[in-house]
Amino acid sequence: MKRILLLAGLFVSFTSIASVNDKTIETALKKYNMTAESIKPSPIVGLNTVVTANGVVYVTDDGKYLLEGPIYDISTKTPTNITNKSLMKKIDDLKDEMIVFKAPKEKYVVTVFTDITCGYCKKLHSSVNEMNDKGITVRYLAFPRQGLQHESAKQMASIWCNALPQKALTDAFKGESVAMIDNCKIDFSRHMQVGKLFGLTGTPAILLDDGQLISGYLSADALAKALDNK
């Protein structure tokens with residue numbers, strides 16, 4: 001019984017300390033018009049991972065020091081960008097706006113930022129069935145490189161709003177005309193904002209489930225190998 005009470009006391013103590021640290025950090029960030037969406041301890045003692053609307057920063061427990069930039073875990077087989085991993089919830093928040101090509105026997109899930117005017121995006125999509133056969137589910141988000149007001153962005157919106165978006169996207173990459181849909185409410189600015197948080201500057205860009213971003217085209221074999229080696 002004493003042990004249970006001791007553990008309960010320690011839990012309350014740690015929770016109180018965390019709460020105090022969070023308030024200290026939130027107060028420090030407010031001075032710079034920054035709002036924390038979440039605050040969690042980082043793998044580095046005394047440093048906290050703070051997710052904001054503009055990305056991830058790291059703040060010390062006392063709120064005095066702020067670090068910006070990626071932190072890598074080099075204890076793994078390949079270096080893991082733990083900063084990008086902290087942003088994966090923002091990807092999950094967009095899951096209802098993805099065009100998904102699901103693998104029948106799913107082993108991996110990747111998220112691809114794409115643009116129908118991008119030649120290498122077309123080449124990547126031509127391998128999507130092969131990727132599915134290798135157990136890779138491919139989820140698409142839009143990243144219209146020429147801007148949200150460009151005709152290609154409007155065409156992509158019609159693809160996303162199509163009753164059969166997978167077919168519409170495949171047809172568009174084959175060069176077939178896009179059936180335009182009026183009053184499509186999809187907001188690609190959210191896709192683009194999240195992509196930029198991960199450092200995306202062009203398409204295609206392949207985001208792995210641990211937050212690693214692979215810029216450019218990969219064949220189905222190369223992608224499967226990269227995933228198997230994680």
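A strand here is a DSSP run of E with at least two residues, and strands are numbered from the N terminus. With that in mind, welcome to a tour of this predicted model.

**View 1. Phenylalanine 113 sits in strand β8.**
Let us start with a single side chain and its surroundings. Phenylalanine 113 is buried, because its relative accessible area is 0%, and buried means under 20%. Which residues touch phenylalanine 113, leaving aside those up to four places away in sequence? They are Ile91, Leu141, Ala142, Phe143, His191, Gly195, Leu200, Thr203, Pro204 and Ala205. For a sense of distance, look for lysine 23: phenylalanine 113 and lysine 23 are 90 residues apart in sequence, and their C-alpha atoms lie 36 Å apart in space.

**View 2. Helix α6 covers residues 151-160.**
Is this helix largely enclosed or not? Seven of the ten residues of α6 are buried, so the helix is largely enclosed by the rest of the structure. The buried residues are Ser152, Ala153, Met156, Ala157, Ser158, Ile159 and Trp160. Their packing partners include three strands, β7 (99-101), β8 (108-114) and β9 (136-142). The helices α7 (165-173) and α8 (188-197) also pack against these buried residues of α6. Strand β8 may look familiar from the first view, as phenylalanine 113 is found there.

**View 3. An open sheet is built from four strands.**
Follow the strands across in the order β1-β2-β3-β4, with antiparallel pairing. At the edges are β1 and β4 (66-68), each of which pairs on one side only. From one strand to the next, the twist averages 30°. As background, strands of a sheet pair through backbone hydrogen bonds, either parallel or antiparallel.

**View 4. Strand β2 pairs with β1 and with β3.**
How many bridges link β1 and β2? There are four, in the antiparallel sense; in one of these pairings, serine 38 has valine 51 of β2 as its bridge partner. The hairpin of β1 and β2 has five residues between the strands, and there glycine 46 takes a positive phi near 90°. Moving to the next neighbour, six bridges join β2 to β3 (residues 55-60), again antiparallel. Valine 51 stands opposite valine 56 in β3, while valine 50 has valine 57 as its bridge partner. The hairpin formed by β2 and β3 has two residues between the strands.

**View 5. Both faces of β2 are covered.**
In a regular strand the side chains alternate between the two faces of the sheet. On one side of β2 we meet Leu47, Thr49 and Val51, and on the other Asn48, Val50 and Thr52, all of them buried. Six of the six residues of β2 are buried, so this strand is largely enclosed by the rest of the structure.

**View 6. The largest pocket has a volume of about 260 Å³.**
Rolling a probe the size of a water molecule over the atoms shows where empty space is left. The lining of this pocket consists of Glu37, Ser38, Lys40, Pro41, Thr49, Val51, Ser86, Leu87, Lys89, Lys90 and Asp93. Two or more lining residues come from each of β1 (38-41), β2 (47-52) and α3 (88-92). Which element gives the most to the lining? That is β1, with three residues. By type, the lining divides into three nonpolar, three polar and five charged residues. Serine 38 and valine 51, the bridge partners from the fourth view, both appear in this lining.

How values were computed
Residues are numbered from 1 along each chain as its sequence is written. This is a predicted model: local features need pLDDT of at least 70, side-chain atom pairs count only at pLDDT 80 or more; totals for chains, interfaces and linings use all residues. Side-chain values use heavy atoms; hydrogens and water are left out. Buried means under 20% relative accessible area, exposed over 50%, partly exposed in between (1.4 Å probe, protein chains only). Contact means heavy atoms within 4.5 Å. On a 1 Å grid over the protein atoms alone, a cavity is a set of points where a 1.4 Å probe fits but cannot get out, and a pocket is an open set with protein on both sides within 12 Å along at least five of seven lines; lining residues have an atom within 4 Å of a point. Grid points are joined across faces, edges and corners, and a volume is the space filled by probe spheres set on the points. Ala, Val, Leu, Ile, Met, Phe, Trp, Tyr, Cys and Pro count as nonpolar, Asp, Glu, Lys and Arg as charged, and the others, Gly among them, as polar. Two strands pair if DSSP finds at least two bridges between them. Axes are lines fitted to C-alpha atoms, for helices over the stretch in contact, and angles run from 0 to 180 degrees between N-to-C directions.
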